[in-house]
Amino acid sequence: MLEAAARRLSTHGYAHLTLDWVAGEAGYSRGAVYHQFAGKEELALAVVTWVEETWTAEVGSPAAEADPVDALLTLARKHAVFCRRDVARVLLTLRIEFAGQDHPVGRAIAGIVDRLDADCADLIAAGRTSGVIPPGPPPRETAAAYTSVVEAVGIELAGRAPYDIELMDRAVRGVLGLPPTGR
């Protein structure tokens with residue numbers, strides 16, 4: 001049910017989400033969906049949580065690698081693979097739809113993005129301290145650029161393997177100020 005709702009949100013946004021459509025798409029009765037969710041806001045929040053958990057399970061934590069550059073490159077590459085799924089756009093679609101609004105779904109997504117940016121900023125700061133990432137704009141701003149590039153490249157090149165990974169690597173290296181791989 002959550003995956004069906006995520007597909008709908010990814011392509012049509014929150015404004016066009018109906019519990020009746022989700023019920024039909026997921027093979028549930030209308031009553032079963034309404035029994036689990038009081039309305040579309042509750043369903044959308046459940047989808048946001050599900051996507052975050054799925055992404056974390058498939059992509060992992062940014063701090064999983066010991067080397068900051070390896071951690072950031074691994075996260076970007078795994079995100080490109082995650083974006084090959086048809087639900088990968090849901091957070092971007094909702095973030096755009098709720099931009100500038102005080103809405104529970106928008107706040108939930110902003111929290112996810114803020115946590116990821118903070119984790120990446122910590123890795124960037126650690127990489128600069130150790131000398132593996134060159135000096136540049138403040139870590140928080142660099143992290144925001146990094147996560148934006150990862151999201152955009154992953155979604156734009158979704159399913160175009162192996163170019164999604166190769167171009168993701170090039171884009172991330174550029175944002176971090178790293179030399180190209182030499183390919």
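**Starting point: D164**

Select D164 first: this residue is buried, with a relative accessible area of 1% (buried means under 20% relative accessible area, exposed over 50% and partly exposed in between, with a 1.4 Å probe and protein chains only). The model is predicted: local features need pLDDT of at least 70 and side-chain atom pairs count only at pLDDT 80 or more, while totals for chains, interfaces and linings use all residues. Residues are numbered from 1 along each chain as its sequence is written, and side-chain values use heavy atoms, with hydrogens and water left out.

Next, add R84 to the selection. The side chains of R84 and D164 form a salt bridge, 2.8 Å from N to O (a side-chain nitrogen of Lys or Arg within 4 Å of a carboxyl oxygen of Asp or Glu). This pair links distant parts of the chain, 80 residues apart: R84 is in the loop between helix 5 (68–82) and helix 6 (90–97), whereas D164 is in helix 9 (residues 163–176). Helices here are DSSP runs of H or I with at least four residues, numbered from the N terminus. In contrast to the buried D164, R84 is partly exposed, with a relative accessible area of 38%.

**Further salt bridges**

Remain in helix 9 and select R170 and E166, which lie four residues apart, about one turn of the helix. Their side chains meet in a salt bridge of 2.8 Å, N to O. Are these two residues buried or partly exposed? R170 counts as partly exposed at 49% relative accessibility, and E166 counts as partly exposed at 22%.

Move now to E151 and R95, whose side chains meet in a salt bridge at 2.2 Å, N to O. E151 belongs to helix 8 (residues 139–156) and R95 to helix 6, so this bridge ties together parts that are 56 residues apart in sequence. E151 is buried, with a relative accessible area of 16%, while R95 is partly exposed at 29%.

For a group rather than a pair, select E3, R7, E25, E58, R85 and D86, which a network of salt bridges links. In total, the count by this rule comes to 14 salt bridges.

**Helix 8 against helix 9**

Display helix 8 and helix 9 together. Two packed helices are described by the angle between their axes and the distance between the axes. For helix 8 and helix 9, the angle is about 165° and the axes are 10 Å apart (axes are lines fitted to C-alpha atoms over the stretch in contact, and angles run from 0 to 180 degrees between N-to-C directions). Helix 8 and helix 9 are therefore roughly antiparallel (angles over 145 degrees count as roughly antiparallel, under 35 as roughly parallel, 65 to 115 as roughly perpendicular and the rest as oblique). Helix 8 passes helix 9 in a right-handed crossing, a term used if the near helix is turned clockwise from the far one by less than a right angle.

To see the contact, select T142, A145, Y146, V149, V150, V153 and G154 of helix 8 with D164, L167, M168, A171, V172, V175 and L176 of helix 9; contact means heavy atoms within 4.5 Å. The residues of this contact divide into eleven nonpolar, two polar and one charged. In this division, Ala, Val, Leu, Ile, Met, Phe, Trp, Tyr, Cys and Pro count as nonpolar, Asp, Glu, Lys and Arg as charged, and the others, Gly among them, as polar.

Isolate L167 of helix 9, which counts as partly exposed at 35% relative accessibility. Leaving aside neighbours within four places in sequence, L167 is in contact with V153 and L157. The C-alpha atoms of L167 and A80 are separated by 9.6 Å, although their positions lie 87 residues apart along the chain as a separation in sequence.

**Helix 5 against helix 8**

Bring helix 5 into view with helix 8: their axes come within 9 Å and cross at roughly 30°. That makes helix 5 roughly parallel to helix 8, and their crossing is right-handed. The contact is made by L72, L75, A76 and H79 of helix 5 and by Y146, V150, E151 and G154 of helix 8. Its residues divide into five nonpolar, two polar and one charged.

Now select H79, in helix 5. Which residues does H79 touch, not counting those up to four places away in sequence? They are W55, V59, V150, E151, G154 and M168. H79 counts as buried, at 9% relative accessibility.

**Last stop: P162**

Finally, select P162, in the loop between helix 8 and helix 9. Most peptide bonds are trans, but a cis peptide bond joins A161 and P162, with omega about 0°.

Terms used: Helices (H or I, at least four residues) and strands (E, at least two) are DSSP runs, numbered from the N terminus.
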